[in-house]
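Biologist: I should like to learn how charged side chains are read in a model. Please take me through a case.

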Amino acid sequence: MKIVVAIDSFKGSVTSLEAGRAAEAGIKISAPNADVKVYPLADGGEGTCKTLTEGLGGVLKKVEVTGALGNKITAEFGEIGNLAVIEMAAAAGLNLVPENLRNPLNTTTYGVGEMILRALGDGCKNFIVGIGGSATNDCGLGMLTALGFSFGTGIFGRDLAGVEKISRTEKFRGCSFKVACDVKNSLTGVNGCSAVYGPQKGATPEIVAQMEGWIKNFAELAGEKNSVAGDGAAGGLGFAFRVFLGGELIPGVELILDALKISDDLRDADVLITGEGSVDAQTLQGKAPAGVAKLAKRLNPKIKTVAIGGGVEIGGGGDFDATFSILRAPVTLSEAMKKSVAEKNISETVAQIIRLIN
């Protein structure tokens, strides 16, 4: 029996690989001779950098960069050979900005560019970039300035007002940027970055209207009259990657699964064990466990796909043949989320699942 394990993290409890190893231990209880392949799993959001880097045998590096407010912070990114894995939120995330200071006029993506430069200096030519959770609406102005593009203005959202010309750089010719992007927002308009996401970043209606005009001008100067889905991600950072760096905007789950090269093992596997902390209706809306189950069924219609979680609100559905809660007795949430408890519950539940399948 061949079993592929690809479980997303149980946030606040166990990492993706810790959950996977616990499941593997349970499999070996019921099927000692099973061929088990454990993969990390993420969807391009928070934790993707660490999950991918550790899962693929890379190294995590720390670098001092410019934070969203212009202050110096320490950010972490991953390197696997000549591949760099970067989360923009590590440098310009909304979680790094106190609520009373949130204002997209005063935030920048400059630190994201500094992370890319550091990886480039280390010899990286290929980049996977997660762009969720931004505090910015600068259309990538800060990042691009750090990378050597020139706009004759500053690096913050408010400086979009002063952009009158664009000078490009060829420094990144030959580099590949794959951007994990799950939002479909256009750059401007009622579904654009300013209107939809500006308010949660501290923008008043007046600021939204101002930035809308500045970003339209920025796009025209860049020679882009037509926006595509995803351009509005991370305050226009999707647009910056696509237009200035030749980046490809890809749904996060698809991008991560491709990077993991999981397809070969799914093609001839008998069982897929996946899951996350809470398996619910949101899981079916393109989150990582649903993504890997969908891929598994497409490649191998006979494979059995099972999802596990701490809380389970759906009984199968989508591409899941079955779903199981790992909780084995009534306990408090804090007790259930203890690392040792979660690992034990994952192992024992998966052991029972494999015993039943056998």
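Modeller: This is a predicted model. Let us begin with burial: Lys2 and Asp265 are both buried. Lys2 has a relative accessible area of 11%, which is under the 20% cut-off for buried.

Biologist: What does Lys2 form with Asp265?

Modeller: Side chains of opposite charge can pair when their charged atoms come close. Here Lys2 and Asp265 form a salt bridge, with 2.7 Å between the closest N and O atoms. Lys2 belongs to strand 1 (residues 2–7) and Asp265 to helix 10 (residues 263–267), so the salt bridge ties together parts 263 residues apart in sequence.

Biologist: Which residue forms a salt bridge with Lys2 from the loop between helix 10 and strand 9?

Modeller: Asp268 does, and its closest N and O atoms to Lys2 are 2.7 Å apart. Because Asp268 lies in that loop and Lys2 in strand 1, this pair ties together parts that are 266 residues apart in sequence. Asp268 is partly exposed, at 48% relative accessible area.

Biologist: Where do Glu348 and Lys344 lie?

Modeller: Both are in helix 13 (residues 339–357), four residues apart, or about one turn of the helix. They form a salt bridge whose closest N and O atoms are 2.7 Å apart. Glu348 is partly exposed at 25% relative accessibility, and Lys344 is partly exposed at 48%.

Biologist: How many salt bridges are found in the whole structure?

Modeller: The search finds 22. Some residues are linked in a network of salt bridges, namely Lys61, Glu79, Arg118 and Asp122.

Technical notes. Residues numbered from 1 in each chain as written. Predicted model: local features only at pLDDT ≥ 70, side-chain atom pairs only at ≥ 80, totals over all residues. Heavy atoms only, no water. Salt bridge = Lys/Arg side-chain N within 4 Å of Asp/Glu carboxyl O. Helix = DSSP H or I, 4+ residues; strand = E, 2+ residues; numbered from the N terminus. Buried < 20%, exposed > 50% of the residue type's maximum accessible area, 1.4 Å probe, protein only.
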